[in-house]
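Thanks, everyone. I'll keep this short: one structure, a few helix contacts, a surface patch and a salt bridge.

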Amino acid sequence: MDSVLENSIEEWRRFLSRSAPGHRFRNRYCRRQQAGRDRSNLRRFCYIALGIALAIGSILLAPLPGLGWGTLFVGLGMIAGEVLHVALLLDRTEVKLREALRHAKAMWDKLALKGRVLVTLMISLGVVASAYGAYHALIASLSVLTVFSS
């Protein structure tokens, strides 16, 4: 188990340090394809299926507290390591997200303290409302299940 964790950490470091934004996923795809030429198609399929399951599970559980969005990106990264089109899509998405985040940070830096407090309160309110809605949706689905099981 330690070697799996060490390999994952080394792969993550390589992903961040050796590749420029906009080329990271494509480079990771190429590295995985070169390193895994002797891998079976079943192993590739299982890796892709695990990535898809992780991504879908993360989307479904995103409103709940926890890793949600982080695991979504891990799942998409797993898929991108095996599917070139997904790797290219994630490269383009990374560049666009970096630009949007750079713009948002510039706007945040220009915002007065009152504006920052207001934005933070609105985001907090949205998170609480989402958690409240998710809780009630979960309770409603559980009550429906108990009605059908009776």
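Let me start at the surface, and keep in mind throughout that this is a predicted model. Helix H6, residues 113–149, is the element that gives the most to a nonpolar patch, with three residues. The patch itself is formed by Trp108, Leu111, Val119, Ile123 and Val127. Together these residues have about 410 Å² of accessible area. Ile123, to place one of them, is in helix H6.

Now the helix packing. Take H2, residues 24–35, and H4, residues 68–80: their axes come within 9 Å and cross at roughly 50°. That crossing angle makes H2 oblique to H4. On the H2 side, the contact is made by Phe25, Arg28 and Tyr29. On the H4 side, Gly77, Met78 and Ala80 make the contact. Sorted by class, this contact of H2 with H4 has four nonpolar residues, one polar and one charged.

H4 also meets H5. Here the axes come within 7 Å, and the crossing angle is roughly 130°. H4 and H5 are therefore oblique to each other as well, since the cut-off for roughly antiparallel is over 145 degrees. From H4, the residues involved are Leu76, Gly77, Ile79 and Ala80. They meet Val86, Ala87 and Leu90 in H5. By class, the contact of H4 with H5 divides into six nonpolar residues, one polar and no charged. Note that Gly77 and Ala80 of H4 appear in the contact with H2 and also in the contact with H5.

Last, the charged pairs. How many salt bridges does the model have? The count comes to seven. I'll show one of them: Arg24 with Glu94, where the closest N and O atoms are 3.6 Å apart. Arg24 lies in helix H2 and Glu94 in helix H5, residues 84–110, so this pair ties together parts that are 70 residues apart in sequence.

That's what I have. Questions are welcome.

Key:
Residues are numbered from 1 along each chain as its sequence is written. This is a predicted model: local features need pLDDT of at least 70, side-chain atom pairs count only at pLDDT 80 or more; totals for chains, interfaces and linings use all residues. Side-chain values use heavy atoms; hydrogens and water are left out. Axes are lines fitted to C-alpha atoms, for helices over the stretch in contact, and angles run from 0 to 180 degrees between N-to-C directions. Helices (H or I, at least four residues) and strands (E, at least two) are DSSP runs, numbered from the N terminus. Angles under 35 degrees count as roughly parallel, over 145 as roughly antiparallel, 65 to 115 as roughly perpendicular and the rest as oblique. Contact means heavy atoms within 4.5 Å. Ala, Val, Leu, Ile, Met, Phe, Trp, Tyr, Cys and Pro count as nonpolar, Asp, Glu, Lys and Arg as charged, and the others, Gly among them, as polar. Patches are made of residues with over 30% relative accessible area and no salt bridge: like charges are joined within 9 Å, nonpolar side chains (Val, Leu, Ile, Met, Phe, Trp, Tyr) within 5 Å. Accessible areas come from the Shrake-Rupley method with a 1.4 Å probe; for residues, only the protein chains shown count as cover. A salt bridge is a side-chain nitrogen of Lys or Arg within 4 Å of a carboxyl oxygen of Asp or Glu.
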